[in-house]
Amino acid sequence: MTTRISHFIDGQIWNGPSERTAPVYDPATGVAGKAVDLASRAVVDSAVAVATGAFKEWRDVSLTKRIQILFSFRELLNARKGELAEIITAEHGKVLSDALGEITRGQEVVEFACGLGHLLKGGFSEQVSGGVDVHSVRQPLGAVAIISPFNFPAMVPMWFFPIALAAGNTVILKPSEKDPSAANFIAQLLKEAGLPDGVFNVVHGDKEAVDALLEHPDIKSISFVGSTPIAQYIYETGTKNKKRVQALGGAKNHMLVLPDADLDLAADQAINAGFGSAGERCMAISVVLAVEPIGDELVRKIAEKMPQLRTGDGRRGCDMGPLVTGAHRDKVASYVDAGVADGAALVVDGRNPVVDGEPGGFWLGPTLFDHVKTDMSIYTDEIFGPVLSVVRIKSYEEGVALINAHQYGNGTAIFTNDGGAARRFQNEIEVGMIGINVPIPVPVAYYSFGGWKSSLFGDSHAHGTEGIHFFTRGKVITSRWLDPSQGGINLGFPTQS
Ligand code: NAD
């Protein structure tokens, strides 16, 4: 018996027919017990009509009331995050503690958006000219779309919708078809929190649904997170269709370890950031740049600690879960094959792991390569799996040059006890998010999240003040309350007096 997952439109689960569906797997068993509806253009059009209609009233609901609803949502999320974490683990595969972690980080943005009353304040200048005042306001855009990836089915949507809703927009979320249930759970919680029907909608689907959103004239903005080729396509198509677009793409995050670093700490952090969530994080560390002469010692420390990791079903207290689908597991394994064929030294081979889980799960164990060269595909490409590559380098300068030359610029980290080197690194490096002895430097909600180069298309990062600007547009009002002394004709350009 296959469970059907369908859209959430106008406050309820859609129950019309669906021409196309996609299987949804439990990655720890390999069983596809669910199928998700893939929206046609007509379904997207009806969701957009609902969101556009709901905008007329929602934008005029008082700011106080909008924030109270978000606050209630925050309370409900707190009470029921365990259920949401189980939903995430059942479809994504990440271990339960990790699923709870992503909810907590998403919830930070809800808490940030609860302060939007302060953050939306405009400016006021009195008497800029005789009897003339000027003030500014920021207003919502309308119906906005969020298109999210599989790897953070709760956190990534929460980077955007709390701010969008608090600012008075209505939302259509198109989550990944690989783990769609978290979005419906969130939609239901928002309804229970008092959000009017039609203000937050979920449309499931693939390219057809995304293209329908990109081309629909009533969708005012697109917030996309996913792989770089799709992010670029979204940015180009969305802006061509006159939308505001922020499109966050892929990553290849380097960790530069200087010879003065605490190597035990660096080894622990490389493991945590390389293999957490099976490497399926856009802020995962996938390359360690070891400045000689520490290479041998650092690789030995990492390799010695890796057997402690228990790979298995995320519901069984393991450290690392399966990959999201069989196809993705095979793709990641093919990179391991390529690394071996290219001549990298395979220190720990995860291709036949011992697991605490069902044999049909999409398993791949933690894998470590040493002596990786920068022309190998395991270095150039985003692998998005539990594969860590160590590149031996001669100097700090060589490390900076490599990071800056890479096409991705999402996150990076330096490990050192030298404050001067760390300060120089933060100044010279061409990457959006930098950790100093912090391996996954995901900014807190009141700063903005986003990379540089091929890791982000558009000029707005997610959440923080950039998020507020993205989901609002500014107006400046110049006003004068006339009296008869100000009459008379004058065609000159207005100047202050
Ligand atoms: P993906 O690009 O395959 O999918 C992302 C979204 O795009 C999904 O909703 C999917 O349905 C849709 N999509 C897929 N193919 C499409 C197409 N041809 N046309 C239009 N839409 C399409 O990404 P994924 O595999 O779900 O997620 C992993 C990727 O996301 C990695 O590259 C990772 O680095 C990236 N990511 C980046 C960040 C960041 O902040 N930069 C955060 C999380 C994930």
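This is a short chat about the ligand site and a few backbone details of a predicted model.

Student: Before we start, what do the numbers rest on?

Tutor: It's a predicted model, so local features need pLDDT of at least 70 and side-chain atom pairs count only at pLDDT 80 or more, while totals for chains, interfaces and linings use all residues. Residues are numbered from 1 along each chain as its sequence is written, and side-chain values use heavy atoms, with hydrogens and water left out.

Student: Ok, which residues come nearest to the ligand?

Tutor: Lys174, Glu177, Ser227, Gly249 and Glu382, out of 27 residues around the ligand (around means a heavy atom within 4 Å).

Student: What does Ser227 do there, distance-wise?

Tutor: One of its polar side-chain atoms is 2.7 Å from a ligand oxygen. Gly249 uses a backbone N or O atom, 2.7 Å from a ligand nitrogen. A polar backbone atom of Phe150 lies 3.0 Å from an oxygen of the ligand.

Student: And where does the ligand lie relative to the domains?

Tutor: Between domain 1 (3–249 + 455–477) and domain 2 (253–436), because both give residues to the shell around it. Those bounds come from an automatic or database domain assignment.

Student: New topic: which peptide bond is cis?

Tutor: The one from Glu292 to Pro293, with omega near 20°. Pro293 is in the loop between strand 14 (285–291) and helix 10 (295–305). Helices (H or I, at least four residues) and strands (E, at least two) are DSSP runs, numbered from the N terminus.

Student: What's unusual about Gln127's phi?

Tutor: Gln127 has a positive phi, about 55°, although it isn't a glycine. Gln127 belongs to strand 6 (residues 124–129).

Notes. Polar contact = N/O pair within 3.5 Å; in protein donor to acceptor, adjacent residues only side chain to side chain.
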